[in-house]
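Let's look at a protein together and ask how its descriptions are earned. Have the picture at hand as you read.

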Amino acid sequence: MTSLDPVLDKDGVRLTVEDAVATVTLTNPAKRNAQSPALWRALTEAGQSLPGSVRVVVLRGEGTSFSAGLDRRAFSPEGFDGEPSFPELARHSDPDLDAVIAGYQSAFTWWRRTDLVSIAAVQGHAIGAGFQLALACDLRVVASDVQFAMRETSLGLVPDLGGTHPLVSLVGYARALEMCATGRFVQAEEAERTGLANLVVPPDELDAAVRDLAAALLAAPRDATVETKALLKGASSLSYDEQRAAERAAQARRLRDLAGLGD
């Protein structure tokens, strides 16, 4: 499939597909790509709309900021049109509130599907929900002006959009706690040093760097990349011997496929 016509374009999210690369763009630069429940539903729909030919998904934000986080209207009594405000959500029963938050989280979970490699191209502010959206991706290429911050704790909340697991995995418990509890800004040099960023480039080179990375990811056979990603994702939950066994099983599948002996 080769087309730059949008597959989806709604509620601040646009999905385009060109051959094996899909691009999901946040399209509200006037509000620094602030997030809302409608945007989260659109992100979930984008994941469901991907053609099977897609191998790499690029996530980017228009304008000078990737995403400045949650739209503050969520905290007002009025909230968003047709959406429950946070004060209204507080009155939900525990099961109902859990279901609502789980629905929000679904916008952040599909980026690490084993059959895809996702890249967040991050410039400017990536705050709160914006930071968690960048963390949802497998890889992050960031501009030298990037500013990450997890500000939920400062607002009396917790990060609840799936960002705590990858953050701890990348930077460790102590550093993750310090980042979240203080809400401080993490800039490009620290992001690269601590593993939050795979690569830091000047802002005007961000798009080119992401294109180069996507091309490099597509150079290997798809099945080998899928198997390798599955191995790496499972490694932290296995013992050394269990991981070696998983490697042997995966390699046996690859060898049989290469020999034409697969199922």
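Here are some questions and answers about this predicted model.

Q: Why is Arg72 called exposed?
A: Its relative accessibility is 57%. Exposed means over 50%, so Arg72 counts as exposed. You can find Arg72 in the loop between β4 (56–61) and α2 (86–89).

Q: How many aromatic pairs are there?
A: The count comes to 5 aromatic pairs.

Q: Why is the pair of Trp40 and Tyr104 called tilted?
A: The ring centres of Trp40 and Tyr104 are 4.8 Å apart, and the planes meet at 55 degrees. Centres within 6.5 Å make a pair, and an angle that is neither under 30 nor over 60 degrees is tilted, so this pair is tilted. The pair links distant parts of the chain, with Trp40 in helix α1 (residues 37–48) and Tyr104 in helix α3 (residues 94–109). Trp40 and Tyr104 are both buried, and together with Phe108 they form one aromatic cluster.

Q: What makes the pair of Phe75 and Phe86 edge-to-face?
A: Their planes are 70 degrees apart, with 5.0 Å from centre to centre. Edge-to-face needs over 60 degrees, so the name fits.

Q: Why is Phe75 called partly exposed?
A: Phe75 has a relative accessible area of 30%. Partly exposed lies between 20% and 50%, so Phe75 belongs there. Phe86, at 26%, is also partly exposed.

Q: How do you know that Arg151 lies over the face of Phe185?
A: Arg151 is at 5.6 Å from the ring centre of Phe185. The distance limit is 6 Å, and Arg151 is listed as lying over that face.

Technical notes: Residues are numbered from 1 along each chain as its sequence is written. This is a predicted model: local features need pLDDT of at least 70, side-chain atom pairs count only at pLDDT 80 or more; totals for chains, interfaces and linings use all residues. Side-chain values use heavy atoms; hydrogens and water are left out. Helices (H or I, at least four residues) and strands (E, at least two) are DSSP runs, numbered from the N terminus. Buried means under 20% relative accessible area, exposed over 50%, partly exposed in between (1.4 Å probe, protein chains only). Rings of Phe, Tyr and Trp (its six-membered ring) pair if their centres lie within 6.5 Å; planes under 30 degrees apart count as stacked, over 60 as edge-to-face and the rest as tilted. A charge sits over a ring if NZ of Lys or CZ of Arg is within 6 Å of the ring centre and within 35 degrees of the ring normal.
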